[in-house]
Amino acid sequence: MFADRIESKWIRLFQNVLVQSGVTSESLVCIVAETQSRELNVHLMELAIGAIGARSFKFVATTPPVDTPVPTRSTGTSMALAGLEAVLPALAACDLIVDLTMEGCLHSPQLRPALAGTKARAIYILNEHPEGLERAWLDEADLAAIERNYGMLAGARQMRVTSAAGTDLTIDLTGQVPGRVTGVVDKPGTFGHWPGGLVLTYPAANAVNGRIVVDVGDINCTFKRYNDAPMTLVIENDVITQVIGDGVDAALFREYSAAWNEVNALTTAHFGWGMNPRAKWEALACYDKADTNCIEARAFAGNFLVGIGANGVAKRLTQNHFDIPLRNTTVQIDDTVVVDCGKLCFPAVR
Ligand SMILES: [Fe+2]
């Protein structure tokens, strides 16, 4: 249990995030929040902007009514700005938008389109307690390694993923949209999130085939739980056609997915690997659910991150979303092994 009070170390932490993304005393910064935002982080960000000396304002949307059949977590698709399109041009006039909505507006239909063609850039700060954020920074060597891995993925044709637990997956990368998450957002019109430490791809349609075995101890970030028993996802042309497993997590996965009553709820979204050496698999065991949004689970070095749900590249939309980091997998990009049994191994990682 934390005492949710201002700590100077967290002001400095947020200040560093802003400086990395190019904020100076000459900048105009907008905080976008909602009434259910984590107030501590909003307050820390206001103080961090003030410490730099930038001009700023805060836009707080009323958290909208829930209209989904099940609770949503970690989708990156906040609906806090739905119906507020009229105010977006004012936000897009800023140098940097700091997104402190609960879910984040990364994939929301409002904010990103409003940034197109403007000088504004946006960064989503994960809805985590600042103690968790405190540890998940990246140094210059980490950033360079992410760039190397991203460059190699961007030019590749195929991803193969295997594990002793039974994962055997092939992803055709033709037509993919690759990405990397560094926590640094310094180009006009772009949107990222912090903390970072990920390389990932959104494959084109009909690119994913095989099986994923979610082993004991792997994490479902939607449920914020360690998997209790092996669960196998059989995938045919991006569609999860079978969910095999007797554990509680397999039952939760089946029930939660079915609640959406959508074909796209059980299709693949993105695939990648974690590259943050300070993010830890075991961290989830140390936090109450309200204190974490599982960024460490997604970013810990050497995990293979499975994303299920919306994939804009394949032109599939759904609000259902699972991020499932797997341990102990081997990831091969064309002829190059980048993760060997859960260990990063692309040349000169660190
Ligand atoms: Fe995801």
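The exercises below work through a predicted model of one protein chain, moving from its overall form to its domains, its core and one strand.

**Exercise 1. Establish how compact the protein chain is for its length, and describe its overall make-up.**

Solution. Begin with the inventory of secondary structure, in which the protein chain has 8 helices and 20 strands. Next, compare the radius of gyration, 19 Å, with the 20 Å that the globule rule gives for 350 residues; the two values are close, so the chain is as compact as a globular protein of that length. The box that its C-alpha atoms fill, taken along the principal axes, is roughly 55 × 45 × 45 Å. Finally, turn to the interior, where 48% of the 350 residues count as buried, and to the contacts with a separation of 6 or more, of which 74% are between residues 24 or more positions apart.

**Exercise 2. Determine into which domains the protein chain is divided, and how many residues each gives to the contact between them.**

Solution. The division is into domain 1 (8-127) and domain 2 (137-181 + 194-344), the latter being written as two segments. In their contact, 14 residues come from domain 1 and 14 residues from domain 2. Taken over C-alpha atoms, the centres of the two domains are separated by 26 Å.

**Exercise 3. Identify which residues of the largest nonpolar core touch the most other members, and trace the neighbours of Val98.**

Solution. The core holds 93 residues, and those touching the most other members are Ile97 and Val98. At least three residues of this core are drawn from each of domain 1 and domain 2. Leaving aside residues up to four places away in sequence, Val98 touches Val29, Ile31, Val32, Met45, Ile123 and Ile125.

**Exercise 4. Work out which strands pair with strand E1 (residues 28-34), in what sense they run, and whether E1 is largely enclosed or open.**

Solution. Take strand E2 (residues 55-61) as the starting partner: E1 pairs with E2 in the parallel sense over 7 bridges, and within this pairing Cys30 stands opposite Phe57. The connection can then be added, since E1, helix H2 (residues 39-52) and E2 make a right-handed β-α-β unit. Strand E3 (residues 96-99) also runs parallel to E1 and is joined to it by 4 bridges, with Cys30 standing opposite Ile97 of E3. For the last step, count a residue as buried if 20 or more other C-beta atoms lie within 10 Å of its own; by this criterion 6 of the 7 residues of E1 are buried, so the strand is largely enclosed by the rest of the structure.

Methods:
Residues are numbered from 1 along each chain as its sequence is written. This is a predicted model: local features need pLDDT of at least 70, side-chain atom pairs count only at pLDDT 80 or more; totals for chains, interfaces and linings use all residues. A residue is buried if 20 or more other C-beta atoms lie within 10 Å of its own, exposed if 12 or fewer, and partly exposed in between; C-beta atoms are placed from the backbone. Helices (H or I, at least four residues) and strands (E, at least two) are DSSP runs, numbered from the N terminus. Two strands pair if DSSP finds at least two bridges between them. A crossover is right-handed if, with the strands pointing away from the viewer, the path from the first strand over the helix to the second runs clockwise. The radius of gyration is taken over C-alpha atoms; the globule rule is 2.2 Å times the number of residues to the power 0.38. Two residues are in contact if their C-beta atoms, placed from the backbone, lie within 7 Å. A nonpolar core is a set of buried Ala, Val, Leu, Ile, Met, Phe, Trp, Tyr and Cys residues joined through C-beta atoms within 7 Å. Domain bounds come from an automatic or database domain assignment.
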